[in-house]
Amino acid sequence: MAEKSGVAIANIARFEQKGLISFGHLIELAIALGYSSELKAIFSEPKFSTMEELEQIKRNVGKKKAYSRKTYDEKDR
């Protein structure tokens, strides 16, 4: 994997043992493992398109919903 990705063996071992890795090395490993289309999907769609939408998202963080959605089965019980 080190040879295929270009990431040093020591970095791969640290990632496997401690879960620590740089973002760049993580991307290189993902590409070497064939996850390039998944990476493109993650970074291609923004969650917001304007600063107003971003501010609204920030304001809603941590707020509780007024009601919870229940599945069809839960309603009939």
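Begin by selecting helix 3 and helix 4, which pack with their axes 8 Å apart and at an angle of about 130°. That angle lies outside the ranges for roughly parallel, roughly antiparallel and roughly perpendicular, so it counts as oblique; helix 3 and helix 4 are therefore oblique to each other. To display the contact itself, show F23, I27, A30 and I31 on the side of helix 3, and S36, L39 and F43 on the side of helix 4. The model on screen is a predicted one.

**The aromatic pair**

Keep F23 and F43 selected and show their rings. How many aromatic pairs does the structure hold? There is one. The ring centres of F23 and F43 are 6.1 Å apart and the ring planes stand at 90°, so the pair is edge-to-face. The cut-off behind this reading is a plane angle over 60 degrees, with centres within 6.5 Å. F23 belongs to helix 3 (residues 23–32) and F43 to helix 4 (residues 36–44), so the pair ties together parts that are 20 residues apart in sequence. Are these two residues, F23 and F43, buried or exposed? Both F23 and F43 are exposed.

**A30, on helix 3**

Next, centre the view on A30, a residue of helix 3. A30 has a relative accessible area of 14% and is buried, because buried means under 20%. Which residues does A30 contact once its neighbours within four places in sequence are left aside? They are Y35, S36 and L39. Then add S5 to the selection: A30 and S5 are separated by 25 residues in sequence, while their C-alpha atoms lie 8.4 Å apart in space.

**L33, between helix 3 and helix 4**

Move along the chain to L33, which is located in the loop between helix 3 and helix 4. L33 is exposed, its relative accessible area being 52%. S5 can remain selected here, since a C-alpha to C-alpha distance of 8.3 Å separates it from L33. In sequence, L33 and S5 are 28 residues apart.

**N11, on helix 2**

Now select N11, which is part of helix 2. Its relative accessible area is 15%, and N11 is buried. With residues up to four places away in sequence not counted, N11 touches L20 and H25.

**K47, after helix 4**

For the next stop, go to K47, placed in the loop between helix 4 and helix 5 (51–60). K47 is exposed, with a relative accessible area of 77%. A distance label drawn from the C-alpha atom of K47 to that of I57 should read 9.3 Å; these residues are ten apart along the chain.

**The whole chain**

Finally, zoom out and colour by secondary structure. The protein chain contains six helices and zero strands, and its elements run α-α-α-α-α-α from the N terminus on. Of its 77 residues, 13% are buried. The chain exposes about 7,100 Å², of which carbon and sulfur atoms supply 56%. Among the contacts with a separation of 6 or more, 19% are between residues 24 or more positions apart.

Switch the colouring to pLDDT for the last view. The mean for the protein chain is 84, and 83% of the residues reach 70 or more. Which element has the highest mean pLDDT, and which the lowest? Helix 2 (residues 9–18) has the highest, at 96, and helix 6 (residues 72–76) the lowest, at 54. Predicted coordinates should not be read in detail where pLDDT is low.

How values were computed. Residues numbered from 1 in each chain as written. Predicted model: local features only at pLDDT ≥ 70, side-chain atom pairs only at ≥ 80, totals over all residues. Heavy atoms only, no water. Phe/Tyr/Trp six-rings, centres within 6.5 Å; stacked < 30°, edge-to-face > 60°. Helix = DSSP H or I, 4+ residues; strand = E, 2+ residues; numbered from the N terminus. Buried < 20%, exposed > 50% of the residue type's maximum accessible area, 1.4 Å probe, protein only. pLDDT = per-residue confidence, 0-100. Contact = heavy atoms within 4.5 Å. Areas by Shrake-Rupley, 256 points an atom, 1.4 Å probe, with all protein chains shown as cover. Axes fitted to C-alpha atoms, helices over the stretch in contact; angles between N-to-C directions. Parallel < 35°, antiparallel > 145°, perpendicular 65-115°, else oblique.
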